[in-house]
Amino acid sequence: MNCKGFMTGGLAILLVFIMVVSAFAVTVTDDSDAAISKATKDAADNDLESSYDASSIMTIGVGTLRWVSYFGHSSDVVCIDAGDANKASWNGKAYRSLFSFDQDGLVSQMSGANINPTESHIATYGMACHDHNGFSTANLEALQTWTSKPTVTIVSKTVYDGFSPELLSGLSNQTDVVVIEEVDTFLTSDGKLSDGFNKNLSILAAVFNDTARANTLANSITAIIDDINGMISGKTCKFEDAYVGSASNAGAKTLNWSVGKYVPFDLAGVKNGYSNAGTTATDAGSEAMSKATPSVLFLDLSGTAKYSDAASESTLTYASLNGTPIYTLLPYFWFGFNFDNALADAYILVYACYDGVMDFDECLSKVKAVFQAFYPEMSDGKTALDGFSSYYAKTGSKLTLDGQAYNYKDSKFTAVDRPAGDVVIPDDDKGDDGKDNTVLYIGAAAAIIAVAAIALLLFIRRN
């Protein structure tokens with residue numbers, strides 16, 4: 001083969017290589033993007049309409065108001081579950097901070113077995129509310145007196161399945177009814193969005209005619225998880241294991257309550273010292289800490305009112321005797337799963353458990369960004385943090401979300417210096433941000449080869 005033929009053959013090989021590399025890079029990029037489309041059926045297998053009027057919304061069942069808020073429609077909601085109107089709704093529910101109606105006024109309406117929503121409640125309190133986690137015949141009768149009915153009602157499948165045929169028929173005559181899943185797991189074991197989470201995004205994309213919002217939220221969650229993984233990649237958690245107290249899906253609990261499967265720990269690469277593998281909170285018993293022997297204690301803020309109870313003393317006494325540092329976390333699950341808080345807590349855990357990654361101001365900025373990603377109506381997530389601060393201050397909380405490490409002695413929490421630890425960063429193909437940049441390197445190499453190939457082609461043509 002002559003020189004020109006050799007160069008032509010080499011050029012062909014280079015071009016093939018470039019096309020292969022380019023195809024690989026495009027595939028990786030496409031796989032990283034969510035592809036949420038409008039559903040044609042809701043969670044109860046009912047056909048969805050081609051379009052909905054979502055200007056006036058009623059939510060029924062735990063979690064439905066949360067999902068509506070994910071799509072930025074909190075200002076269109078006129079009637080909600082009594083559980084969402086309760087003062088205690090501040091406890092762990094960031095979306096509750098989007099509503100400014102008078103809590104005391106609404107709570108005063110929640111007396112007796114039935115809460116019958118009236119339009120006057122909307123005028124007086126900015127919102128009406130119905131029975132908790134259900135919708136009664138009395139609620140329906142009150143709704144039938146409204147001159148302006150809710151245009152669409154979002155109901156959780158568990159509540160929907162409990163409706164009698166007569167109640168469902170009567171409700172459907174007043175408003176369009178759409179059923180969504182009750183989702184308690186938003187991530188799979190490999191860190192991907194769960195089928196249930198994606199299904200609800202797809203259903204609500206149809207209701208609100210907003211696939212862009214559904215995909216933005218899905219992609220934002222993936223980006224946050226990637227960011228967390230990038231920050232801890234190649235680094236070692238300075239605590240051998242951890243214990244989280246008061247974590248509960250059944251209301252405020254004392255610190256001897258915990259859970260073995262704790263998603264924020266999983267996201268942040270923190271080993272759970274509590275060996276119970278279940279996902280439901282349980283009473284770990286007075287000896288839980290001595291059995292788990294954790295090197296750091298995290299307090300779920302949902303239990304602030306219970307920190308002084310006798311049942312919490314065993315946990316705090318262990319921490320005091322062993323010099324175990326104490327941090328606070330937002331409730332991951334408390335009468336509903338706070339997926340936003342799970343990601344926010346993961347950032348707080350990275351701050352607390354890994355040295356040299358970020359200071360607390362940077363951590364706080366990332367936490368705000370989490371809430372902004374989930375709630376398009378929030379500005380920097382500040383609304384959620386202000387709401388939490390207001391709630392916990394009113395409950396007389398001894399601790400706040402301030403990034404401090406605490407010691408406990410004689411019924412007092414004392415702020416201490418953040419425990420130091422070693423950071424191990426291996427020498428590998430990871431950039432300064434800790435993320436695997438192999439694909440970027442391949443893309444850069446492909447670009448260089450492409451430029452060289454073009455230059456070579458021009459040289460051959462001239463000669």
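1. K382 is partly exposed in this predicted model, with a relative accessibility of 46%. Its side chain meets that of D386 in a salt bridge, with 2.9 Å from N to O. D386 is also partly exposed, at 39% relative accessible area. Both residues belong to helix α16, which covers residues 382–394. They are four residues apart there, or about one turn of the helix.

2. A second pair within a helix is K157 and D161, whose closest N and O atoms are 2.9 Å apart in a salt bridge. Helix α7 spans residues 157–161. Because K157 and D161 are four residues apart in that helix, about one helical turn separates them. K157 is partly exposed, with 25% relative accessible area.

3. The salt bridge between R418 and D355 has an N to O distance of 3.3 Å. R418 sits in the loop between β12 (412–416) and α17 (438–462), while D355 sits in the loop between α14 and α15 (360–374), so the pair ties together parts of the chain that are 63 residues apart in sequence. The two ends differ in burial class: R418 is partly exposed at 27% relative accessibility, whereas D355 is buried at 12%. K238 joins D355 and R418 in a network of salt bridges. The structure holds nine salt bridges.

4. R418 has a further partner, since R418 lies over the face of Y351, 4.4 Å from the ring centre. A lysine is placed in a similar way elsewhere: K253 lies over the face of W257, at 4.5 Å from the ring centre.

5. Aromatic pairs number 25 when the whole structure is searched. One of them is F333 with F337, where the ring centres are 5.4 Å apart and the planes meet at 35°, so the pair counts as tilted. F333 is buried, with a relative accessible area of 1%. F337 is buried too, at 18%, against a limit of under 20% for that class.

6. One aromatic cluster is formed by W67, Y70, F186, F197, F339, F374 and Y375. Two of its members, F186 and F197, return in the next point.

7. The largest nonpolar core contains 136 residues. Those with the most contacts inside this core are F186, F197, F298 and F371. Helix α14, residues 339–353, gives the most to the core, with 12 residues.

8. Which residues does F371 contact, leaving aside its neighbours within four places in sequence? They are A94, L330, D340, N341, A344, M378, G381, A384, L385 and F388. The list includes D340 and N341 alongside residues such as L330 and L385.

9. How many disulfides does the model have? The count comes to zero. C237 is in no disulfide, and the nearest cysteine sulfur, belonging to C353, is 4.3 Å away. A disulfide would need the two sulfur atoms within 2.5 Å, so this pair does not qualify. C237 counts as buried, at 16% relative accessibility. Another cysteine, C363, is buried with a relative accessible area of 0%.

10. A54 is found in the loop between α1 (3–32) and β1 (57–60). Is this loop residue buried or exposed? A54 counts as buried, at 13% relative accessibility. Not counting residues up to four places away in sequence, A54 touches H73, D76, T151, V152 and F208. F208 is 154 residues from A54 along the chain, yet their C-alpha atoms are separated by 6.6 Å.

11. For the chain overall, the secondary structure comes to 17 helices and 12 strands. Of the 463 residues in the chain, 49% are buried. Among contacts between residues at least 6 apart in sequence, 70% join residues at least 24 apart. The contact between A54 and F208, 154 residues apart, is one example of a pair with such a separation.

Conventions:
Residues are numbered from 1 along each chain as its sequence is written. This is a predicted model: local features need pLDDT of at least 70, side-chain atom pairs count only at pLDDT 80 or more; totals for chains, interfaces and linings use all residues. Side-chain values use heavy atoms; hydrogens and water are left out. Buried means under 20% relative accessible area, exposed over 50%, partly exposed in between (1.4 Å probe, protein chains only). Rings of Phe, Tyr and Trp (its six-membered ring) pair if their centres lie within 6.5 Å; planes under 30 degrees apart count as stacked, over 60 as edge-to-face and the rest as tilted. A charge sits over a ring if NZ of Lys or CZ of Arg is within 6 Å of the ring centre and within 35 degrees of the ring normal. A nonpolar core is a set of buried Ala, Val, Leu, Ile, Met, Phe, Trp, Tyr and Cys residues joined through side-chain atoms within 4.5 Å. Helices (H or I, at least four residues) and strands (E, at least two) are DSSP runs, numbered from the N terminus. Contact means heavy atoms within 4.5 Å. A salt bridge is a side-chain nitrogen of Lys or Arg within 4 Å of a carboxyl oxygen of Asp or Glu.
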